[in-house]
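Student: I have a structure open and a list of labels for its parts. Can we go through what earns each label?

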Amino acid sequence: MATVLGRISNYSQCLTPSESRVADYLRSHPEEVIKNSIQEVARNSGVSVASVSRLATTLGYRDWKDMRLNLAKDSSAPDNPVFSDITKDDSDEMVTGKVFDGAIMSLRDTFEQMDKKSISRLVAAIRKTDRIVFFGSGGSGCIARDESLRFAHLELAAEAYSEEFQMMLQASRMKKGQIAFGFSNSGRSWATVGVLEEARRNKALTVGIANYRNTPLEDASDIFFCTSFPRRGEFTAALTARIPIMCIMDAIYVLAVQHGMLTTKVGHVDHILEKNLRLPAKRQPAGKGKNGRA
């Protein structure tokens, strides 16, 4: 299961104002929350006890005690500490450490909450399709292009589109058995949601990946993967949001290769790239060691 902070991040866009106040307090004072009663948390958050209880159920816990117990487990686990936000007072080393810690935690939370059967279902569909189209605008468009290049090594057509007109045009041309991927960190990109809805109308299998639950993108997806990044701060989330996305896509690609979908021409393509697009590798003079001495 994902950590409590991970779930708060995933559901943050659909929380009520009072639930958000509790969530903000919990993220800022996790160690205090572990020790406090529900009445103390409500008072410190400036909300009612009912609001604290509703947050717990919204996040998928039985009740407040269940959520607090899980938060305590998250905090006590040696490989799963409660992280603090990056602040202006942090040293360069501290910021670097928090970025790496956040990425590690993000990957673990994403894996633990991911429906593994959906991965297998998707790979089975990829084995049967002749075309995959990746959609995303802005930074998600960069991810779409990266994935189209990767999946171009398989025995199928792999394309990517990030301009709104092209996205909708290609979605309207999709057919039954083809697969449309939509990437959107917020899960609310109107262009990406719109093209998945259009692709679904044309009987294509739609796959969405976002960092939040209960979003329009999830509603438009036949298969949905939710990434996790528990720390606040838009600039931090932007740095790490693509890491779990690419790891999900890595798993899908490797499984497709394992099932024999890698094109037999990949070696020839690599030879062409080596010959025409890469400079010769540096060669160390004979008789010299790493320090350049004979």
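Tutor: We will take the labels one at a time and set each against its cut-off. Keep in mind that this is a predicted model.

Student: Start broad. What does the secondary structure of the chain come to?

Tutor: It comes to 15 helices and 5 strands. Of the 294 residues of the chain, 45% count as buried. Among contacts with a separation of 6 or more, residues 24 or more positions apart account for 69%.

Student: How are the 5 strands ordered in the sheet?

Tutor: The order is β2-β1-β3-β4-β5, in an open sheet with parallel pairing. On average, neighbouring strands are turned by 15° against each other, direction ignored.

Student: What makes β2 and β5 edge strands?

Tutor: Each pairs on one side only. β2 covers 157–161 and β5 covers 223–226.

Student: How do you know that β3 and β4 pair?

Tutor: Count the bridges. Pairing takes at least two bridges. Strand β3 (residues 179–183) and strand β4 (residues 205–210) have 5 bridges, in the parallel sense. Phe183 has Ile209 of β4 as its bridge partner. Gly182 has Gly208 of β4 as its partner.

Student: And what joins β1 to β3?

Tutor: 4 bridges, with the strands running parallel. The cut-off is at least two, so β1 and β3 pair as well. Val133 is matched there with Ala180 of β3.

Student: Why is β3 called mostly covered?

Tutor: 5 of its 5 residues are buried. Both faces are covered. Ile179, Phe181 and Phe183 lie on one side, with Ala180 and Gly182 on the other.

Student: Which strands does helix α8 lie across?

Tutor: α8 (residues 116–128) lies across β1 (131–135), β3, β4 and β5. Its direction is about 130° to β5.

Student: What makes a group of residues a nonpolar core, and which members of the largest one touch the most others?

Tutor: Members are buried residues of set nonpolar types, joined through side-chain atoms within 4.5 Å. The largest such core has 28 residues. Leu122, Ile126, Phe181, Phe225 and Ile252 touch the most other members. Two or more residues come from each of α8, β1, α9 (139–151), β3, β4, β5 and α14 (242–258). The largest share, 6 residues, is from α14. Apart from this core lies another, of 22 residues, among them Ala23, Leu26, Val41 and Val47.

Student: Which residues does Phe225 touch?

Tutor: Leave out residues up to four places away in sequence. Phe225 then touches residues including Met114, Leu122, Val207, Ile209, Ile248 and Ile252.

Student: Why is α7 called oblique to α14?

Tutor: Two packed helices are described by the angle between their axes and the distance between the axes. The axes of α7 (residues 92–113) and α14 come within 9 Å and cross at roughly 45°. Roughly parallel needs an angle under 35 degrees, and roughly perpendicular needs 65 to 115. The angle fits neither range, so α7 is oblique to α14. Ala103, Ser106, Leu107 and Thr110 of α7 make the contact with Ile243, Pro244, Cys247 and Ile248 of α14. The crossing is right-handed.

Student: Why, then, is α9 called roughly parallel to α14?

Tutor: Their axes cross at roughly 20° and come within 11 Å. The cut-off is under 35 degrees, so α9 is roughly parallel to α14. This crossing is right-handed. The contact includes Cys142, Asp146 and Arg150 of α9, with Met246, Met249, Asp250 and Tyr253 among the residues of α14.

Student: Is Arg150 buried or exposed?

Tutor: Arg150 has 18% relative accessibility. Buried means under 20%, so Arg150 counts as buried. This residue of α9 is in contact with Met246, Met249, Asp250 and Tyr253, leaving aside neighbours within four places in sequence.

Student: Why is Val49 called partly exposed?

Tutor: Its relative accessible area is 35%. Buried is under 20% and exposed is over 50%. The value lies in between, so Val49 is partly exposed. Val49 lies in helix α5 (residues 49–58). Its contacts, neighbours within four places aside, are Ile38, Gln39 and Ala42. Val49 and Ile38 are 11 residues apart in sequence and 6.5 Å apart in space, C-alpha to C-alpha.

Key. Residues are numbered from 1 along each chain as its sequence is written. This is a predicted model: local features need pLDDT of at least 70, side-chain atom pairs count only at pLDDT 80 or more; totals for chains, interfaces and linings use all residues. Side-chain values use heavy atoms; hydrogens and water are left out. Axes are lines fitted to C-alpha atoms, for helices over the stretch in contact, and angles run from 0 to 180 degrees between N-to-C directions. Contact means heavy atoms within 4.5 Å. Buried means under 20% relative accessible area, exposed over 50%, partly exposed in between (1.4 Å probe, protein chains only). Angles under 35 degrees count as roughly parallel, over 145 as roughly antiparallel, 65 to 115 as roughly perpendicular and the rest as oblique. A crossing is left-handed if the near helix is turned anticlockwise from the far one by less than a right angle, and right-handed if clockwise.
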